[in-house]
Amino acid sequence: MPRCSYHPNVETNVRCVECERPICPKDFVSTPVGYKCPDCARQLPSARRTVKPRQLVLATLAALGVGVGGMFLVGLLGIGYWIVTILLGMLTGEAARRASGGHRTRPIAAVAGIGMVLGAILSGAGFVAMVLGAAAASVSVLSGRW
Ligand SMILES: [Zn+2]
Ligand SMILES: [Zn+2]
């Protein structure tokens, strides 16, 4: 079991919804979106939602790498099923989110979507793949874990 990041000798299964670090019942703050660690609970929503330029660049690189690279791979292998495109979109979204430091915000969702759109255009996957992939990528960023 993970240990609380504030109390190293306490095991816990609770994680902060924001930064995902383990927290024990002594620390967590209940919020409408779930339990948060004291650090994240203290931050103003506006501050937390701000994506730093560096994080956006990293997210863009991740989205392009996974989205464009993945679409080419899908094209090469000839497995152009819509389910593969959706899975790749989710993967792209997750890659962009992680690269950005865990932001579930619209800019990151947009970046992930753009990665899939570019991937579909460059690999010639077609309009349907583009829409499905981009939708899956942004939904994956904005919704919970998968
Ligand atoms: Zn936190
Ligand atoms: Zn603790």
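In this predicted model, the zinc ion (ligand 2) is held by Cys 4 (SG), His 7 (ND1), Cys 24 (SG) and Asp 27 (OD), at 1.9 to 2.3 Å. The angles among these four donor atoms run from 89 to 122°. The site of the zinc ion (ligand 2) is tetrahedral. Along the chain, its donors follow the spacing C-x2-H-x16-C-x2-D. Two of the residues named here, Cys 24 and Asp 27, are buried.

**The other zinc site**

The zinc ion (ligand 1) has Cys 16 (SG), Cys 19 (SG), Cys 37 (SG) and Cys 40 (SG) as its protein donors. They lie 2.2 to 2.4 Å from the ion. The spacing in sequence is C-x2-C-x17-C-x2-C. Cys 16 and Cys 37 link distant parts of the chain, 21 residues apart. Cys 16 belongs to the segment before strand S1 (29-31). Cys 37 sits in the loop between strand S2 (34-36) and helix H1 (38-42).

The site of the zinc ion (ligand 1) is tetrahedral, with angles of 103 to 115° among its four donor atoms. For four tetrahedral donors, the ideal angle at a metal is 109.5 degrees.

Are Cys 16 and Cys 37 buried or exposed? Cys 16 has a relative accessible area of 0%, so it counts as buried. Cys 37 is also at 0% relative accessibility and therefore counts as buried.

**Salt bridges**

There are six salt bridges in the structure. Three of them are set out below.

| Salt bridge | Closest N to O distance |
|---|---|
| Glu 11 and Arg 3 | 3.6 Å |
| Lys 36 and Glu 18 | 3.4 Å |
| Arg 97 and Glu 20 | 4.0 Å |

Take Glu 11 and Arg 3, which form a salt bridge. Glu 11 is partly exposed, at a relative accessible area of 43%. Arg 3 is partly exposed as well, at 44%.

Next come Lys 36 and Glu 18, joined by a salt bridge with the closest N and O atoms 3.4 Å apart. Lys 36 lies in strand S2 and Glu 18 in the segment before S1, so this pair ties together parts that are 18 residues apart in sequence. Lys 36 is buried, with a relative accessible area of 5%. Glu 18 is partly exposed, at 29% relative accessibility.

What does the salt bridge between Arg 97 and Glu 20 tie together? The side chains of Arg 97 and Glu 20 meet at 4.0 Å, N to O. Arg 97 lies in helix H4 (residues 82-99), while Glu 20 lies in the segment before S1, so the pair ties together parts that are 77 residues apart in sequence. Arg 97 counts as buried, at 4% relative accessibility. Glu 20, at 27%, counts as partly exposed. Both residues also belong to a network of salt bridges that links Glu 20, Glu 94, Arg 97 and Arg 98.

**Nonpolar core**

In soluble globular proteins, nonpolar side chains tend to be buried together. The largest nonpolar core here has 19 residues. Which of its residues touch the most other members? They are Met 71, Ala 96, Ile 108 and Met 116. Helix H3 (53-77), H4, H5 and helix H6 (127-142) each give two or more residues to this core. H5 supplies the largest share, six residues.

Ala 96 is located in helix H4. Its relative accessibility is 0%, so Ala 96 counts as buried. The C-alpha atoms of Ala 96 and Ala 137 are separated by 9.0 Å, although the two residues are 41 residues apart along the chain.

**Nonpolar surface patch**

Nonpolar side chains also appear on the surface. Phe 72, Ile 114, Leu 118 and Leu 122 form a patch there. Together they have about 360 Å² of accessible area. Which helix gives the most to the patch? Helix H5 (residues 106-123) does, with three residues. Ile 114 is found in this helix. H5 thus appears in two settings: it gives the most to the nonpolar patch, and the largest share of the largest nonpolar core comes from it.

Note on methods: Residues numbered from 1 in each chain as written. Chains lettered and ligands numbered in written order. Predicted model: local features only at pLDDT ≥ 70, side-chain atom pairs only at ≥ 80, totals over all residues. Heavy atoms only, no water. Donors = N, O, S within 2.8 Å, 3.2 Å for Na, K, Ca; no water. Tetrahedral: all angles 85-135°; square planar, octahedral: opposite > 155°, others 65-115°. Buried < 20%, exposed > 50% of the residue type's maximum accessible area, 1.4 Å probe, protein only. Helix = DSSP H or I, 4+ residues; strand = E, 2+ residues; numbered from the N terminus. Patch = residues over 30% accessible without salt bridge, like charges linked within 9 Å, V, L, I, M, F, W, Y side chains within 5 Å. Areas by Shrake-Rupley, 256 points an atom, 1.4 Å probe, with all protein chains shown as cover. Core = buried A, V, L, I, M, F, W, Y, C linked by side-chain atoms within 4.5 Å.
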